[in-house]
Amino acid sequence: PGSEEFLASNLNAVAAAGQGLGALAAAGLIWSGSSFFDAAQRAINIAWGVERNRPFWGQRLVAFAMMGLLIVVQGGFLVGTAAMHALAEAEPLSGTIAAVALSAWWQAAPITSDFMLFALVYRYVPNTPVRWGHVWFGAGVAAVLFETSKALFLWFVTNQAGYAMIYGPVASVIAFLFWCYVAAAILLLGVEVCAAHCRSFFINS
């Protein structure tokens, strides 16, 4: 009997400590995840020819803002998709209209949300004044490439890749890292397009 109480008290203590450790681990994950956006800021500034980056805490604030923007845009896409599904299942009379609206949503919403996200990043992340007119073309190129590469990557992973046979459980991690590399390359390519468009605008004017 005494050992059961001793074991239960220790398990409760571990569980209580685990909650604090879980919060600490989540904070550490968010902080380390912001390092990706921090590196993206430096790369974007290099593409624009900016020699001076923001101070450390300024870069971190922008990184957290980029993370929040990503969550908001993708969260809005998910909420809109759920609303479309709910509308399609609400009434048989409006089902056909809702089905057409849902199909149009699936076609337009992903690339629209990508375009908005890239445009906001290209407009506000560089540590230099950037006009809206200089980011539209680059954001459009990045959005189209992102959706195209996403479809190709999904097709490749589903039909062609043998990662699971070669790497086993690590295959999903390798695929995710490869996708992050592709997405980062598209992000930087869009920045280069924006910078080149801005330079050509000033040269022609």
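A residue counts as buried when its relative accessible area is under 20%. Glutamate 147, at 18% relative accessibility, is therefore buried. The model is a predicted one, and the account below covers its salt bridges, its aromatic pairs and the surroundings of one serine.

**Salt bridges**

The structure holds two salt bridges. One of them joins glutamate 147 to lysine 150, with 3.1 Å between the closest N and O atoms. These partners are three residues apart in helix H4, so about one helical turn separates them. Lysine 150 is partly exposed at 35% relative accessibility, whereas glutamate 147 is buried.

In the bridge between arginine 42 and aspartate 38, the closest N and O atoms are 3.4 Å apart. Both residues belong to helix H1 (residues 2-47) and stand four residues apart, about one turn of the helix. Arginine 42 has a relative accessible area of 36% and is partly exposed; aspartate 38 has 6% and is buried.

**Aromatic residues**

There are eight aromatic pairs in the structure. Two stacked pairs are set out here.

| Pair | Centre to centre | Angle between planes |
|---|---|---|
| Tryptophan 132 and tryptophan 136 | 5.2 Å | 15 degrees |
| Phenylalanine 153 and tryptophan 179 | 5.4 Å | 25 degrees |

The pair of phenylalanine 153 and tryptophan 179 links distant parts of the chain: phenylalanine 153 is in helix H4 (residues 136-160) and tryptophan 179 in helix H6 (residues 171-204), 26 residues apart. Phenylalanine 153 is buried, at 18% relative accessible area, and tryptophan 179 is buried as well, at 16%. In the other tabulated pair, tryptophan 132 is partly exposed at 32% relative accessibility, and tryptophan 136 is partly exposed at 39%.

Phenylalanine 153 and tryptophan 179 also belong to a cluster linked by ring pairs, whose members are Phe118, Tyr122, Phe146, Phe153, Phe178 and Trp179. A charged side chain meets a ring at tyrosine 124, where arginine 123 lies over the face at 4.8 Å from the ring centre.

**Serine 113**

Serine 113 is placed in helix H3 (residues 92-124). With a relative accessibility of 8%, serine 113 is buried. A polar atom of its side chain lies 2.8 Å from the backbone oxygen of proline 110. Neighbours within four places in sequence aside, serine 113 is in contact with Val73 and Gln74.

Note on methods. Residues numbered from 1 in each chain as written. Predicted model: local features only at pLDDT ≥ 70, side-chain atom pairs only at ≥ 80, totals over all residues. Heavy atoms only, no water. Helix = DSSP H or I, 4+ residues; strand = E, 2+ residues; numbered from the N terminus. Buried < 20%, exposed > 50% of the residue type's maximum accessible area, 1.4 Å probe, protein only. Polar contact = N/O pair within 3.5 Å; in protein donor to acceptor, adjacent residues only side chain to side chain. Contact = heavy atoms within 4.5 Å. Phe/Tyr/Trp six-rings, centres within 6.5 Å; stacked < 30°, edge-to-face > 60°. Lys NZ or Arg CZ within 6 Å of the ring centre and 35° of its normal. Salt bridge = Lys/Arg side-chain N within 4 Å of Asp/Glu carboxyl O.
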